Amino acid sequence: MSSPPDTQPVIRVTAMPTDINPYGGVFGGWIMSQMALGAASLASRHSKGRAILVAASDFEFPAGMLVGEELSVFATLEKAGRTSMTLSAQGWRRERDGDETSPCATGQFTFVAVDENNKPRMILPDQGPIKESE
């Protein structure tokens, strides 16, 4: 049995019947959007303000999800520049009526910190790396 990262997820959500694809599994786009929401939470915390998604890449889906299963998203800051940052995200599924977990998706997200006019702004100096459990 696989184990997810030993930290708190940035987001946790249950897949519902409206989230399925025509074949009865959870739609990969729904999983990607949940991962983007989790990564965005960490990006705005790191940049201490609004951050917008400008790129998403390198998605892999090693396992599918079923309706009723729980998705936990874990995010890690990989690289930070003057105005942008790259985060990796992992999605882990947990069966509805048990404790079995397995990775179901991974991906990379790039965000740019922006001001109130949606113009890039400098990321404020941080006090060290932020992990998903902070």
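**Salt bridges, rings and strands: reading the numbers**

Modeller: Let's start with Arg93 and Glu69: they form a salt bridge, and their closest N and O atoms are 2.8 Å apart. This pair connects distant parts of the chain, with Arg93 in strand β4 and Glu69 in the loop between β2 and β3, 24 residues apart. The model is predicted, with residues numbered from 1 along each chain as its sequence is written, and local features need pLDDT of at least 70, while side-chain atom pairs count only at pLDDT 80 or more. Totals for chains, interfaces and linings use all residues, and side-chain values use heavy atoms, with hydrogens and water left out.

Biologist: Why is the contact between Arg93 and Glu69 called a salt bridge?

Modeller: The term asks for a side-chain nitrogen of Lys or Arg within 4 Å of a carboxyl oxygen of Asp or Glu. Arg93 and Glu69 have their closest N and O atoms at 2.8 Å, so the pair meets that cut-off.

Biologist: What makes Arg93 count as buried or exposed?

Modeller: Buried means under 20% relative accessible area, exposed means over 50%, and partly exposed is in between (1.4 Å probe, protein chains only). Arg93 has 9% relative accessibility, so Arg93 counts as buried. Its partner Glu69 has 7%, so Glu69 is buried too.

Biologist: How many salt bridges does the structure hold?

Modeller: There are 3. In one of them, the side chains of Glu70 and Arg12 meet at 3.6 Å, N to O. Glu70 lies in strand β3 and Arg12 in strand β1, so this pair ties together parts that are 58 residues apart in sequence. Glu70 is buried at a relative accessible area of 17%, whereas Arg12 counts as partly exposed at 48%.

Biologist: What makes Arg12, Glu70 and Arg94 a network?

Modeller: Salt bridges link these residues. Besides the bridge between Glu70 and Arg12, the side chains of Arg94 and Glu70 meet at 3.3 Å, N to O. Arg94 lies in strand β4 and Glu70 in strand β3, so that pair joins parts 24 residues apart in sequence. Arg94 itself is partly exposed, with a relative accessible area of 24%.

Biologist: Now the strands. How do you know that β3 and β4 pair?

Modeller: Strands here are DSSP runs of E, at least two residues long, numbered from the N terminus, and two of them pair if DSSP finds at least two bridges between them. Strand β3 (residues 70-80) and β4 have 10 bridges in the antiparallel sense, so the condition is met. Within this pairing, Phe74 stands opposite Gln90 in β4. A hairpin joins β3 to β4 through 3 residues.

Biologist: And on what grounds do β4 and β5 count as paired?

Modeller: They share 11 bridges in the antiparallel sense, so they qualify as well. Met85 has Phe111 in β5 as its bridge partner, and a hairpin joins β4 to β5 through 6 residues.

Biologist: Why is strand β4 described as largely enclosed?

Modeller: Of the 11 residues of strand β4 (residues 84-94), 8 are buried, so the rest of the structure largely encloses this strand.

Biologist: In what order do the strands of the sheet run?

Modeller: The 5 strands form an open sheet in the order β1-β3-β4-β5-β2, with antiparallel pairing. β1 (11-14) and β2 are the edge strands, each pairing on one side only. From one strand to the next, the twist averages 25°. β1 and β3 pair over 4 bridges in the antiparallel sense, with Ile11 opposite Val73 in β3.

Biologist: Last topic, the rings. How many aromatic pairs does a search of the whole structure find?

Modeller: The search finds 2 aromatic pairs. In one of them, the rings of Phe59 and Phe61 have centres 6.4 Å apart and planes at 15°, so the pair is stacked. The cut-offs: rings of Phe, Tyr and Trp (its six-membered ring) pair with centres within 6.5 Å; planes under 30 degrees apart are stacked, over 60 edge-to-face, and the rest tilted. Phe61 counts as partly exposed at 40% relative accessibility, as does Phe59 at 23%.

Biologist: What makes the pair of Phe59 and Phe109 edge-to-face?

Modeller: Phe59 and Phe109 lie 5.5 Å centre to centre with 80° between the planes, so the angle is over 60 and the name fits. The pair links Phe59 in strand β2 (residues 51-60) with Phe109 in strand β5 (residues 101-113), 50 residues apart. Phe109 counts as buried at 1% relative accessibility. Ring pairs thus link Phe59, Phe61 and Phe109 into a cluster.

Technical notes: Axes are lines fitted to C-alpha atoms, for helices over the stretch in contact, and angles run from 0 to 180 degrees between N-to-C directions.
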